[in-house]
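Here are some short exercises for getting to know a new structure. Have a look at it first, then try each task before reading its solution.

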Amino acid sequence: MSLFSKDPLQIITFQSYGRDNKLYLRGRAIEDESINLDGKGFFKLLINNWKRFKTDKIKNTEITIRLKDGRVLETKTDNKGYFKVSEAIENLQNLTNSEGWLSYEMSYKSAIDGRHIQQENRFMGEMLIPSTNASFGVISDIDDTILHTGVASLFKWRLLANTFFKRAAKRIPLEGAAAFYHKLHRGVTGNEANPIFYVSHSPWNLYRYLDYFLKMNNFPKGPILLRNLPNPFRRKEGSAMPQKQKEIINLLNMYPEMSFILIGDSSEHDADIYIEIAETFPRRIEAIYLRSIKHKKKMLRIKGLFNTYKNTPTLLVKTSKEAEIHARQNGFIA
């Protein structure tokens, strides 16, 4: 954080998830760089992307959390400005709306360098507590599952071009995905409010970009779970579990009574991750849907993998309609 910076302060709250007796909040305290998510023009896109990744974090700073019933908690940001709150607190479901969303307010505990803080030091956040009417949860990848990215392209050049040189409003969702997810959210009865969780290998810097894309394209509201930017100087352990896999396991552990549908694509490691999770949590995965991609070698590998795996219903699909037919036949949707 620059001593002479005049940017106001803000707290970005990431939509999170919890239980009636578990508060789990995440977010980041940074300077407000005034990023226009719908900014047009090549140079504006470059500037916005530079702002996303150069973020001036507010590190080691105390933050206050206020719930609607008057309860107050405190947390502290780390050296990158992130914070995570995981507390056992009772009777949280009483504070949720009909869809299970709990609203809360965050603020800086005290002034920082005497600088201006946005919105009179009040920043709103939301945490999802799945409805008691829910029959199952849905965990969906984002990249090339609901959003065209080109992650399987040579040297990932399409992924880079789409991410950095296309504004969120111009990104194209995969056809029929939003409608299918709404049907899963409503369930077979039409009023189940089945929770939808979005996971991605993208960094938290792209949180608002992806959140904007999901809203613009009418996807069901749900927590978006990303990862910290890796340290290029830190040696990666060969046995380290992908962050996406860790997030899915966290969800399964948070809701041990709930089964899940896993949705991904064939471009990266979703098939391997999802099958390993289904084996680790027997009878917890209702189905695995993987969207096919245009990559002959990868598709042959995935088809071979699915042909030998029979413990959980798995389906390679080219369109959302194929997944929808299977979901209806299996009683997931009306």
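The exercises below concern a predicted model, and each comes with a worked solution.

**Exercise 1. Work out the strand order of the open sheet of 6 strands, and find which strands stand at the edges.**

Step 1. Following the sheet across, the order is β11-β10-β9-β12-β13-β14, and the pairing is parallel.

Step 2. The edges are taken by β11 (224–227) and β14 (314–317); each has a single partner strand, so one side of each lacks a neighbour in the sheet.

Step 3. From one strand to the next, the twist averages 20 degrees.

**Exercise 2. Describe how strand β13 is joined to β14.**

Step 1. Strand β13 covers residues 285–291 and runs parallel to β14, with 4 bridges joining them.

Step 2. For a landmark, find Y289, which stands opposite L315 in β14.

**Exercise 3. Find the strands that α4 and α8 lie across.**

Step 1. Helix α4 lies across β10 (196–203) and β11, and its direction is at about 150 degrees to β11.

Step 2. Helix α8 lies across β13 and β14, running at about 155 degrees to β14.

**Exercise 4. Decide how α3 is oriented against α8, and list the residues that make the contact.**

Step 1. Helix α3 (residues 177–186) packs with helix α8 (residues 320–329) at an angle of about 15 degrees, and their axes are 9 Å apart.

Step 2. Angles under 35 degrees count as roughly parallel, so α3 is roughly parallel to α8.

Step 3. The crossing of α3 past α8 is left-handed.

Step 4. On the α3 side, A177, F180, K183 and L184 make the contact, while α8 supplies S320, A323, E324, A327 and R328.

Step 5. Sorted by character, the residues of this contact are 5 nonpolar, 1 polar and 3 charged.

Step 6. A helix rule is handy when looking at such lists: an α-helix has 3.6 residues a turn, so residues three or four places apart point the same way.

**Exercise 5. Pick out the buried residues of α4 and α6, and say what covers those of α6.**

Step 1. In α4 (residues 207–216), the buried residues are Y207, Y209, L210, D211, F213 and L214.

Step 2. Just after α4 comes N218, with a positive phi of about 60 degrees.

Step 3. Helix α6 (residues 270–280) has D270, A271, I273, Y274, I275, I277 and A278 buried.

Step 4. The cover over the buried residues of α6 includes β9 (137–141), α5 (243–254), β12 (260–265), β13 and α7 (296–308).

Conventions
Residues are numbered from 1 along each chain as its sequence is written. This is a predicted model: local features need pLDDT of at least 70, side-chain atom pairs count only at pLDDT 80 or more; totals for chains, interfaces and linings use all residues. Side-chain values use heavy atoms; hydrogens and water are left out. Axes are lines fitted to C-alpha atoms, for helices over the stretch in contact, and angles run from 0 to 180 degrees between N-to-C directions. Helices (H or I, at least four residues) and strands (E, at least two) are DSSP runs, numbered from the N terminus. Angles under 35 degrees count as roughly parallel, over 145 as roughly antiparallel, 65 to 115 as roughly perpendicular and the rest as oblique. A crossing is left-handed if the near helix is turned anticlockwise from the far one by less than a right angle, and right-handed if clockwise. Contact means heavy atoms within 4.5 Å. Ala, Val, Leu, Ile, Met, Phe, Trp, Tyr, Cys and Pro count as nonpolar, Asp, Glu, Lys and Arg as charged, and the others, Gly among them, as polar. Buried means under 20% relative accessible area, exposed over 50%, partly exposed in between (1.4 Å probe, protein chains only). Two strands pair if DSSP finds at least two bridges between them.
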